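Biologist: Could we go through this model together, one part after another?

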Amino acid sequence: MSLRVVIAEDLYLLRDGLVHLLQAHDFDVVAAVESGPELLGALTGLRPDVAVVDVRLPPTFTDEGLQAALAARRAVPGLPVLVLSQHVEQLYARELLADGSGAIGYLLKDRVFNAEQFVDAVRRVAAGGTAMDPEVIAKLLASTARHQPLGALTPREREVLELMAEGRSNAAISQRLFLSESAVGKHTASIFAKLDLVPSDDDNRRVLAVLTYLNAARG
Amino acid sequence: MKTHAVTVGRAFVLGATALFDVVLAVVALVTSLLTFGLGMIFLFPPLVRLFRFRTKVARRLTGTWLGTVVPVPYLPPPPSARPQPDGWYRHERQLYKTPRWPNWHIRLKWMVGDPATWRDGLWVLLNPLAGILLLLPLLLAGYALLTLRSADLPAGTSPLLALAAALTLLATPVFLRGYAWWNHLLLSPTAKSVLAARVQRLDEARLATVDSQASELRRIERDLHDGAQARLVAIGMTLGAVEELMDKNPAAAKALLGKAREASSTALVELRDLVKGIHPPVLAERGLGDAVRALALDSPLKVTVTVDLETRPDLPVESAAYFSISELLTNAARHGGAERVWIDISSSDRALRVVVTDDGSGGADPSLGSGLRGIERRLAAFDGVLVVNSPKGGPTTATFDLPNALLGENGPGCKSSLPRGKAAIVGICWGLGWLPLFPQGMVTMIMKLIGSEHRSWFLALYLPEPLQWPLIVFNILLGLSMYAAGTIIPTMHARQQRLAEVLPARLC
């Protein structure tokens, strides 16, 4: 059964592109809207399996899309939403992650260029996982650089941490870094020990734990 | 009791110095005669300097003793003469070898043309009269003693005079307030000179703003030219090559397409950074508070942000405040070696106030750091002022105020008609001024002069002989000052209104 998806994007070309891209990858696009109020209606009315939302939408062209997504998630807890933006902000990432229920994605629009990875991210979010843009993670790690426990990580562990924070599973990480899955498992166990976190087998819960930890370390 | 004694003491000191101004007034009259009668204009600048010195003292005393701050009213000094290309200095139709005489002429013109010069003169001329008023208790007491000596006066004269002396002594604070008001009236800037100063400041601010805008545009142009534009050209060329290779060598074409995509990604990254430098998206989307919070999150320092704003400031103000805070934050990290920074954004009245404190090593100086100068320039466009307190060893506190930032919501609130109390005083002054001036003053004086027996309702003539003249003079003065007050109060109010229109933040 194909996933039902709602798309919110005000630029026609990009909206059309997204629709075609997702349809080509066997998604069922139930609605493609272009403004905040429409989006909120579609999200709460149609209850899609996942929504792909642009931050900036009419009528105000501020963070209409983000607000609609947050409102919809308050009404329907855990509603999977993937937010796209021309720029990423830790502030927004924080707000999206704040309810701790996962099923959240936050990516730069550029990531759409790479169809495979983008579709993978959409599926991950639909399955209740997270997809954080590498740039968000890089900023997060850069601003926590002074924090002690992170300094204790080996370079390899740091790479694993970055990919893990983006929301990737052990299998995906092992593919990315050309490691065996068990090696990745060892690294993650070591990271969790160093950061004093409770290990978890569930990929999603693990990612949320890492992101919460990094956010908290920011103070 | 003690404070009253201090007040009286001050009144006497001020009165005594005011009496000495008689000397200054005589000097001024003589000098003016020589200057304008005999054309000895070289005497004029020293006289003006003398006046300015005297009024400077008066201004300071009015501020410290009487609690009425009197701003310095003079027009900004003119720029000195500049040599022509041939090295000569020109003043009107004359050429000079050295800048000495042109400068002298420029300064003379500046002094003569400044209304404050003439107001200073008027103040010095009238100040002895004010001195008499301030010394009234002493004068009355002295008069009482004199009348006590002479026996041929009706009984009760001296006690009456002593009573008057005591009353004026009690009323000294009121006199002093009047004196302060009078000083403020003549010695503070006229609307014209306030405007002139304002225009000069605006001129400077405009220059700085245009300058920084232009350099900003140049930077953007350069970034676009070397960045995104160049990349787009490269992408176009790559796509052209792909077109050619497509049939012959599909594998190479595919590789080139990958490259084109990469280049477009890089172009996007560069454009994103550029946009961030022009107007950060968070600022557009969320306003100042969240934009600064986002800034704090991206900073390597531990930053605490407190925002207490009810309304969103105007967009240009917001942007200026944002970039100033960003610059201060960068400074704290780069030069101050700080670890913690506190940013406090609040509003006071219609002003936006931002305080940035860090625990760095301090020693920041706006006159040295070009970053701080840039902030000053940025803020100047909005009448903003940056104050940096950064002792060696820290902590550094940078505060800036943007006075009109929150104007939009409240509207100009200082436009008002004359307050009711003042309007009543003006009404009484105009309605009853004739009473002391004519029947009880002038007419009584004439009756007294011609020695008429007819006392009718002329109050002064019922008093003992030595008190008759003082009361007549007092009545005439009272009448005159009532008319003066009736004229001056509405004029002052109108002036303040006019100033309020051009200086919304400063004066209301």
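Modeller: What follows covers the domains, the chain contact, one helix and the nonpolar cores. This is a predicted model, in which local features need pLDDT of at least 70 and side-chain atom pairs count only at pLDDT 80 or more, while totals for chains, interfaces and linings use all residues. Residues are numbered from 1 along each chain as its sequence is written, and chains are lettered from A and ligands numbered from 1 in the order in which they are written.

Biologist: Which domains does chain A have?

Modeller: Chain A holds domain 1 (4-132) and domain 2 (137-218); such bounds come from an automatic or database domain assignment. Their centres, taken over C-alpha atoms, are 25 Å apart.

Biologist: How many residues of each are in contact?

Modeller: Domain 1 of chain A gives 11 residues and domain 2 of chain A gives 12, where contact requires C-beta atoms, placed from the backbone, within 7 Å. On the domain 1 side, helix H4 (90-97) and strand E6 (130-132) of chain A each give two or more residues. Helices (H or I, at least four residues) and strands (E, at least two) are DSSP runs, numbered from the N terminus.

Biologist: And between the chains, what does the contact take?

Modeller: The contact takes 17 residues from chain A and 17 residues from chain B. Helices H10 (250-278), H11 (281-286) and H12 (288-298) of chain B supply at least two residues each to the chain B side.

Biologist: New topic: which residues of H6(B) are buried?

Modeller: They are Leu161(B), Ala164(B), Ala165(B) and Thr168(B). A residue is buried if 20 or more other C-beta atoms lie within 10 Å of its own, exposed if 12 or fewer, and partly exposed in between, with C-beta atoms placed from the backbone.

Biologist: Why do they line one face of the helix?

Modeller: Viewed down the axis of H6(B), the buried residues fall within an arc of 100°, so they line one face; the arc is that of the directions from the helix axis to the C-beta atoms. The face turned away from the buried side carries exposed Pro159(B), Leu167(B) and Leu170(B).

Biologist: Which residues touch the most other members of the largest nonpolar core?

Modeller: Among its 60 residues, these are Ala51(A), Val53(A), Leu82(A), Val83(A) and Tyr106(A). A nonpolar core is a set of buried Ala, Val, Leu, Ile, Met, Phe, Trp, Tyr and Cys residues joined through C-beta atoms within 7 Å. Domain 1 and domain 2 of chain A each contribute at least three residues to this core. Another core, of 38 residues, lies apart from it and includes Ala294(B) and Val341(B).

Key
Contact = placed C-beta atoms within 7 Å.
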